[in-house]
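Biologist: Can you pull up the model for me? I'd like to talk it through.

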Amino acid sequence: MKKILVVLLLFVFTACEDVFIEKDPPSGNVTNFDLLWKELDRKYSFFEYKRINWDSVYTVYRPQIHNNLSREELFEVMAQMLSTLRDGHVNLRSGDNISKYENWFLDYPANVDRELLIRHYWGDYHITGPLINTIIGEVGYIHYSSFRNPISADNLDYIFTRFKDTEGLIIDIRSNEGGNPKNSFKILERIISERKMLYKQAFKNGPGHQDFEPFHEVYLTPDLENVRFEKKVVVLTNRRCYSAANYFAASCKALGITLIGDQTGGGGGVPAGSELPNGFHVNYSASVSLLPDGYNMEAGIVPDIAVNMAEADRTKGIDSIIERALLEFK
Amino acid sequence: MKKINRILAPSPWFRFSLWVLLCLHAVQARSQKTTHLELGSGFTYHQIKDDAMSPVRYKGWLPTLSFGVLKEKQGKRLTELRLPIQYALITSGDFKKYPTMKANMFRLDIDYVYLRKTTLIKDTLKGAFFLGASLHTFLDVRYLPQLDNSAIVYDNFTSLAISAAYKGSFQLKRKRLTHYHRVSLPLLSYGTRPDYLNVYDVTNPEDDLFRYAQRNARMCSFGSFGRIMLRNSLLYPIRGNNQLGISYEWQYYTASFTEQVKGASHALMFSLLVTI
């Protein structure tokens, strides 16, 4: 009898983690919708800044959800709800589709024409890692199309050695939709000569819409070991610069580097990700970033010299923004 | 010079002490002290419910390799050092319907257990009870690329625990088999896991995942980090004082940080214990 009791006790201890770990929530449409709404309610960082009444959004979209909706229909309603956040960093992924909000650039002029650049400015350009580089007149030019593509120390050594006799440098990040900000820092580290503050950042740390950790200052330390570029630098931006490109523009602004072109598209919150029981995944902004003067980077970075590409110039093969940038070196 | 010689010359007391030490050493050398190197392999079934990862449980079978050193001195003192390593894919229950719901899981444990025979509980005819302390460290990393910046979820805890064990034996035909049962219960732990958002500041050139994990590290009592480990082993003697072993270990842990995690595992291991 004793032995049986011992075996039973062992079984009770070892085979019943259901007692300790709660069961999965039901995977119905209503549960998934509610979990999505709640996850954003607890973690999205711009409700107050954008003056969004998330409760009223719930009252609009929740009645459209019932358990007979197909997976695609559920996705559609959820995507519509998320688009009310007006945030390119918010997207829903179902495995078959990704929702997107793109009005941050669609309502504005493109301000870049790649074919025009190739035909009239880039000449016999070099492709060094992800960086297109050339010399326009006496000025070095780098085009970095996406911060997703990593750059190496060798890439920068090659380019900055190539540009050592130039008058200065144009960094063209127009239509760069972001990626890994650490790639952008690799360039700036070679340009600055002392440790400098770039911006302030605070992450959500609680379920209330205004629950944030205290702001911490973000600094960049110069790279004094490798080949450096210490002449004048200007950066070209347009509305399609987003996320890491927005952070790059903000960093340049804080470092005193001249921004020329159009305002960037925004994306001033670090995105975090969550999962729903039905296998949908959602990304959302989870922090707030401010320039040293307190300006919220979600709105996009305003250029120091605002220039739009004139259509008349474009038809003549002239990039008005590059032309304005070249004037900075005369 | 004579004075120096007198000091350096072995006095009777010195010679006696040396003789006692040598005798003790000889006795110790002849005492019943056994050391086994354990090489084990098997499978661990994990279930994990981590709010920093998903609202649903993830589970999976993880191939497990284990290395260990087991020492026993005169049946009065037991020490165990074990390093099980596991790596595999874990998935949600609905993985077949939603194939993105998967994670790569890596886990490394380091367990050190020190036990002494206790007289608090009366020994049975066939076995003895042991009590002692143990140190348990584990690093459990789950990688879910579908969570983008929140893709890496981890638990890393080091715990000081109390352990109790029972070791006995029984005859099976011509062989005398040993069975061993241990429970370990951490009391004080130091560890880290993701905070509210599970995302570090990727826009900060001076921040990274390790610094983020370090910032979130804290001391935990049994209330904020609970863990229990139950181990049952059966050892079958083979040639040269070596042994074959089969063990089953059940573990459960929970960490109440801003996002809670609850994990449980069943491990079935087959091992070879070589006398060294």
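Here is a short chat about chain B, its contact with chain A, and one tyrosine.

Modeller: One thing before we start: this is a predicted model.

Biologist: Fine. How many helices and strands are there in chain B?

Modeller: Chain B has three helices and eleven strands.

Biologist: What pattern does chain B follow along the sequence?

Modeller: It reads α-α-β-β-β-β-β-β-β-α-β-β-β-β.

Biologist: And what share of chain B is buried?

Modeller: Of the 276 residues in chain B, 46% are buried. The chain exposes about 14500 Å². Carbon and sulfur atoms supply 66% of that area.

Biologist: What about contacts between residues far along the sequence?

Modeller: Take the contacts in chain B with a separation of 6 or more. Residues 24 or more positions apart account for 64% of them.

Biologist: New topic. How many residues does each chain bring to the contact?

Modeller: Chain A brings 49 residues and chain B brings 40.

Biologist: How much area is buried between them?

Modeller: About 3800 Å² is buried between chain A and chain B. Carbon and sulfur atoms give 55% of it.

Biologist: Which residues of chain A lose the most area to chain B?

Modeller: Glu17(A), Ile21(A) and Glu275(A). Together they make up 17% of what the chain A side buries.

Biologist: How many salt bridges cross the interface of chain A and chain B?

Modeller: The rule finds five. Arg42(A) forms a salt bridge with Glu259(B). Their closest N and O atoms are 3.2 Å apart.

Biologist: And how many residue pairs are in polar contact?

Modeller: Between chain A and chain B the count is 20 residue pairs, both residues at pLDDT 80 or more.

Biologist: Which element of chain A gives the most to the side that touches chain B?

Modeller: Strand 10 of chain A, with five residues.

Biologist: How do the residues on that side of chain A divide?

Modeller: Into 23 nonpolar, 13 polar and 13 charged.

Biologist: Last topic, Tyr180(B). Where is the place of Tyr180(B)?

Modeller: Tyr180(B) is in strand 7 of chain B, residues 175-192.

Biologist: Why does Tyr180(B) count as buried?

Modeller: Tyr180(B) has 7% relative accessibility. Buried means under 20%, so Tyr180(B) counts as buried.

Biologist: Which residues is Tyr180(B) in contact with, leaving aside its neighbours within four places in sequence?

Modeller: Among them are Leu78(B), Glu80(B), Leu115(B), Tyr166(B) and Arg231(B).

Biologist: How far apart are Tyr180(B) and Ala128(B)?

Modeller: They are 52 residues apart in sequence. In space they are 9.9 Å apart, C-alpha to C-alpha.

Methods:
Residues numbered from 1 in each chain as written. Chains lettered and ligands numbered in written order. Predicted model: local features only at pLDDT ≥ 70, side-chain atom pairs only at ≥ 80, totals over all residues. Heavy atoms only, no water. Helix = DSSP H or I, 4+ residues; strand = E, 2+ residues; numbered from the N terminus. Buried < 20%, exposed > 50% of the residue type's maximum accessible area, 1.4 Å probe, protein only. Contact = heavy atoms within 4.5 Å. Areas by Shrake-Rupley, 256 points an atom, 1.4 Å probe, with all protein chains shown as cover. Buried area = accessible area lost by both parts, 1.4 Å probe. Salt bridge = Lys/Arg side-chain N within 4 Å of Asp/Glu carboxyl O. Polar contact = N/O pair within 3.5 Å; in protein donor to acceptor, adjacent residues only side chain to side chain. Nonpolar A, V, L, I, M, F, W, Y, C, P; charged D, E, K, R; others polar.
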